[in-house]
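Dear colleague,

I am passing on the structure we spoke about, and I would be grateful if you could look through it with the notes below at hand.

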Number of protein chains: 4
Amino acid sequence: MKLEFKTQIRVRYVDVDQSGFVYNGNYATYYEVGRSEALRQMGHTYKEMEDQGIVMPLLNQYSRFHRPAYYDDLLTVVTYIPELPKAKIRFEYKIFNEKGILLNEGYNELVFLNKATGKPQRAPQWFVKLLENHVLA
Amino acid sequence: MKLEFKTQIRVRYVDVDQSGFVYNGNYATYYEVGRSEALRQMGHTYKEMEDQGIVMPLLNQYSRFHRPAYYDDLLTVVTYIPELPKAKIRFEYKIFNEKGILLNEGYNELVFLNKATGKPQRAPQWFVKLLENHVLA
Amino acid sequence: MKLEFKTQIRVRYVDVDQSGFVYNGNYATYYEVGRSEALRQMGHTYKEMEDQGIVMPLLNQYSRFHRPAYYDDLLTVVTYIPELPKAKIRFEYKIFNEKGILLNEGYNELVFLNKATGKPQRAPQWFVKLLENHVLA
Amino acid sequence: MKLEFKTQIRVRYVDVDQSGFVYNGNYATYYEVGRSEALRQMGHTYKEMEDQGIVMPLLNQYSRFHRPAYYDDLLTVVTYIPELPKAKIRFEYKIFNEKGILLNEGYNELVFLNKATGKPQRAPQWFVKLLENHVLA
């Protein structure tokens, strides 16, 4: 399996530092938008996850910067879910500019945390089912 | 009365946009640091305020940009409290660079919001007392 | 005259602070997106402005916070240009949530700065013409 | 060799998202402050590097999140330079809270880019010498 989702982000003025390149920390935000829009494309939202008392903090994150992104670039964020989540979920990302040039790729792993108890838990069943359905689709 | 507090902020790379100037939205953060350090200099923290169930959202904010701030500038944020708070509190700010040149000035007003009820309330008594004591000192 | 432009912004997780509300400094970015998309809707970009050697730093900015914005809200930013620019240009903003409730309003004034000389200049002729054409349209 | 530098960062309100934890993308900024203060502790600044026409974009970045950081935490960022730079330089980071608990660790690699030509170059001689002197000291 490898679920794949696409979304677009316009680079904002605030995102670019004085080198003229998008500041590296903003890729974390682009990944966040990728994840968030992936869920929305499956008919759900990360907001619902939190409404059910689950937060999803990061375990780790890796980013490889191939080429700079510039102000006003229209980026395409491709978000992959390479396997069904158990205690944690892995996301992979590729970011392209309008010419289709790969600018950045990365991955991160997130855990499912019960907000009330502060304890890790397994991925909620509805969420695993949702992913399974999209694999079959 | 006019309570006055000073704190320093080193401009980070992330703060500067491709014009080479500090991005305007970051002054909101510099004001936040000014407020937060003002409380700390009076022996308290904004964290304590929130631990007591009070959040302080902004009502309004004004900023006047005289001169740009640059990467690695060591800024001095002067934070003023011009009067004792009732339902709201007013802060005023002046930001100077190392040469003592005024770069930015502004103000904002914040309310005291009971986090549990979501309703505005008066400034907590301990906080008003704290300010009174510093006026007299 | 009063030129009016609309654009939408999805509130990101990074935009919201621990009070659960969009952090006040992010409205500066929402205004930036409003301005930038206003230009794009007239067939130009702020990037072109900079490519012609003009940067547009802020003179001032005012913001009034009526209601909080929340994570995942789909905001509508309405950007107004109330008069033709000369040495400076004024933008006004209103930000609504999906229910049409006014969350925030503000304005700012920007100058036209020759990047090479660092000196202020008048609004470029093509830009004034562009606005005039849109007033008549 | 392993050069080691320490600096402190107070977590700002803007840094924390609605989970109550520091937003993951801000660690990129904490690393930036770590690098920047490392240079300052050796008597130089990254600003000088750029004044000499060299920018240092990232090749990659890895971060591992052990424990959350909270609003108003006073973090200690320990920055390591594990070897002398040639075409690229590697930094490693550990971030601790006031209780000495390790919250985050990571690394990144940066290249030296000639700003005028846009081409990579070797680390400037003065910079390599500077590091050598600090290894011996």
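What follows is a description of how chain A meets two of its neighbours and of the symmetry that relates them.

Please keep in mind throughout that this is a predicted model.

I begin with chains A and D. Their contact draws 18 residues from chain A and 18 residues from chain D. On the side of chain A that touches chain D, helix H1 (26-41) and strand S3 (58-65) of chain A each contribute at least two residues, and it is S3(A) that gives the most, with 8 residues. If you sort the residues on that side of chain A by character, you will find 9 nonpolar, 8 polar and 1 charged.

The strand S3(A) also pairs across this contact: 5 bridges join S3(A) to strand S3 (residues 58-65) of chain D, and the two strands run antiparallel. To give one pair that you can locate in the viewer, Asn60(A) has Arg64(D) in S3(D) as its bridge partner.

As for the symmetry of this pair, a turn of 180 degrees with a shift of 0.0 Å along the axis lays chain A on chain D with an RMSD of 0.0 Å. Among the residues of chain A, Tyr62(A) comes closest to that rotation axis, its C-alpha lying at 2.2 Å. The same surface serves both copies, in that 100% of the contact residues of chain A recur in chain D.

I turn now to chains A and C, where 10 residues of chain A are in contact with 10 residues of chain C. Here H1(A) supplies the largest share of the side of chain A that touches chain C, namely 3 residues. The residues of this side of chain A divide into 4 nonpolar, 2 polar and 4 charged.

For this pair, chain A is superposed on chain C by a rotation of 180 degrees with 0.0 Å of shift along its axis, at an RMSD of 0.0 Å. The two copies are therefore related as by a two-fold rotation axis, and the C-alpha of chain A nearest that axis belongs to Ile9(A), at 5.4 Å from it. Because 100% of the interface residues of chain A are also interface residues in chain C, these copies meet through the same surface.

When you open the model, the antiparallel pairing of S3(A) with S3 of chain D may be a convenient place to begin.

With best regards

Notes
Residues numbered from 1 in each chain as written. Chains lettered and ligands numbered in written order. Predicted model: local features only at pLDDT ≥ 70, side-chain atom pairs only at ≥ 80, totals over all residues. Contact = placed C-beta atoms within 7 Å. Helix = DSSP H or I, 4+ residues; strand = E, 2+ residues; numbered from the N terminus. Nonpolar A, V, L, I, M, F, W, Y, C, P; charged D, E, K, R; others polar. Pairing = 2+ DSSP bridges. Least-squares fit on C-alpha atoms with pLDDT ≥ 70 in both.
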